Amino acid sequence: MRIAIVAPPWFAVPPTGYGGVELVVALETEALVRSGHDVTLFAAPGSVTTARLVTPLSAPPPQAALGSVPHGHVWYEAGHAAAAYRDVTSFDVIHDHSGIIGPAIGAVLGTPPVVHTLHGPWSDISRSFYARLDDRLHLVAISDRQRQDNPAVRYAWLVYNGIDLAAYPMQSEKQDYLA
């Protein structure tokens with residue numbers, strides 16, 4: 001398959017010193033490449049992958065605390081998403097891990113199918129947004145709790161965030177934390 005994966009524009013894939021959405025995207029992208037798919041990753045500058053890499057922004061957006069401008073600023077996200085959805089005829093499916101602009105573009109276009117992983121908690125405004133689009137997107141929840149918090153939308157699947165077990169080798173002598 002020809003698969004486009006859209007990462008958020010804020011941090012490189014894989015991330016350094018941070019294990020959020022970008023780590024999940026890195027693991028997924030590399031697994032799909034190893035499986036023989038033709039994968040294009042739309043990600044922030046500085047990203048490293050064995051897939052075809054497209055960095056729509058010329059530089060990573062300025063860093064700020066999560067939830068504050070410019071992280072999450074609509075213009076950075078819009079430029080990144082517009083580039084990812086510009087040539088949709090090149091892909092059989094798009095898996096979008098970004099914010100709301102990419103999935104909104106994909107829902108309006110209607111083809112190719114857009115899978116959108118929901119990486120954050122539900123709020124009143126996000127419930128309203130996805131209620132308008134869930135019949136045109138394939139929404140993926142990352143936990144049972146996330147799905148339970150908004151049973152009104154149609155979910156394509158539940159996929160827990162993956163981890164690379166090799167990065168966390170078994171140790172018989174442990175400290176007082178899980179990983």
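In this report, a residue counts as buried when its relative accessible area is under 20%, as exposed when that value is over 50%, and as partly exposed in between. Keep those cut-offs in mind as you look around this structure, which is a predicted model. Arg145 makes a good first example: its relative accessible area is 56%, so Arg145 is exposed.

## Salt bridges

Let us stay with Arg145 for a moment. Its side chain meets that of Asp149 in a salt bridge, with 2.9 Å from N to O. Asp149 has 31% relative accessibility and therefore counts as partly exposed.

How many salt bridges does a search of the whole structure find? There are four, and three of them appear in this table.

| Salt bridge | N to O distance |
|---|---|
| Asp92 and Arg2 | 3.0 Å |
| Asp124 and Arg127 | 3.9 Å |
| Asp149 and Arg145 | 2.9 Å |

The bridge between Asp92 and Arg2 joins distant parts of the chain. Asp92 sits in the loop between α2 and β4, while Arg2 belongs to strand β1, and the two are 90 residues apart. Asp92 is partly exposed, at a relative accessible area of 32%. Arg2 is partly exposed too, with a value of 32%.

Asp124 and Arg127 make a pair of another kind. Both are in helix α4, and because they are three residues apart, about one helical turn separates them. Asp124 is exposed, with a relative accessible area of 68%, whereas Arg127 is partly exposed at 28%.

## Helix α2 and its buried face

Now turn to helix α2, which runs over residues 74-85. Its 12 residues, at 1.5 Å a residue, should span 16 Å, and the C-alpha atoms at its ends are indeed 16 Å apart, so expectation and model agree.

Which residues of α2 are buried? They are Glu77, His80, Ala81, Ala84 and Tyr85. If you look down the helix axis, these buried residues fall within an arc of 125°, so they line one face of α2. Their cover includes strands β1, β2, β4 and β5, together with helix α3.

His80 lets you see this in detail. This residue of helix α2 has a relative accessibility of 1%, so it counts as buried. Setting aside residues up to four places away in sequence, His80 touches a list of partners: Val6, Ala7, Pro8, Pro9, Phe42, Ala43, Ala44, Pro56 and Leu57.

## Aromatic pairs

A pair of aromatic rings is described by the distance of the centres and the angle of the planes. The structure holds four such pairs. In one of them, the rings of Trp10 and Tyr76 have centres 6.1 Å apart and planes at 80°, so the pair is edge-to-face. This pair also links distant parts of the chain: Trp10 is in the loop between β1 and α1, Tyr76 is in helix α2, and their positions lie 66 residues apart in the numbering. Is Trp10 buried or exposed? Trp10 is buried, at a relative accessible area of 7%, while Tyr76 is partly exposed at 28%.

Trp122 and Tyr130 form another edge-to-face pair, because their ring planes stand at 85° and their centres are 5.6 Å apart. Trp122 is buried at 12% relative accessibility, and Tyr130 is buried at 6%. Ring pairs join these two residues and Phe129 into a cluster.

Trp122 has a further partner in Asn150, which also touches Arg127 and Tyr155 when residues up to four places away in sequence are not counted. Asn150 is located in the loop between α5 and β7, and at 4% relative accessibility it counts as buried.

## Nonpolar cores

In soluble globular proteins, nonpolar side chains tend to be buried together. Here the largest nonpolar core has 21 residues, and the members that touch the most others are Ile94, Tyr130, Leu139 and Tyr155. Elements giving two or more residues to this core are β1, α2, α4, β6 and β7. Helix α4 supplies the largest share, three residues.

What is Ile94 in contact with, leaving aside its neighbours within four places in sequence? Its contacts are Ala4, Val6, Tyr85, Val88, Pro112, Pro113, Val114 and Val115. A second, separate core has 13 residues, among them Val21, Val25, Leu41 and Val93.

Definitions and conventions: Residues numbered from 1 in each chain as written. Predicted model: local features only at pLDDT ≥ 70, side-chain atom pairs only at ≥ 80, totals over all residues. Heavy atoms only, no water. Helix = DSSP H or I, 4+ residues; strand = E, 2+ residues; numbered from the N terminus. Expected span 1.5 Å × (residues − 1). Buried < 20%, exposed > 50% of the residue type's maximum accessible area, 1.4 Å probe, protein only. Arc of directions from axis to C-beta. Contact = heavy atoms within 4.5 Å. Phe/Tyr/Trp six-rings, centres within 6.5 Å; stacked < 30°, edge-to-face > 60°. Core = buried A, V, L, I, M, F, W, Y, C linked by side-chain atoms within 4.5 Å.
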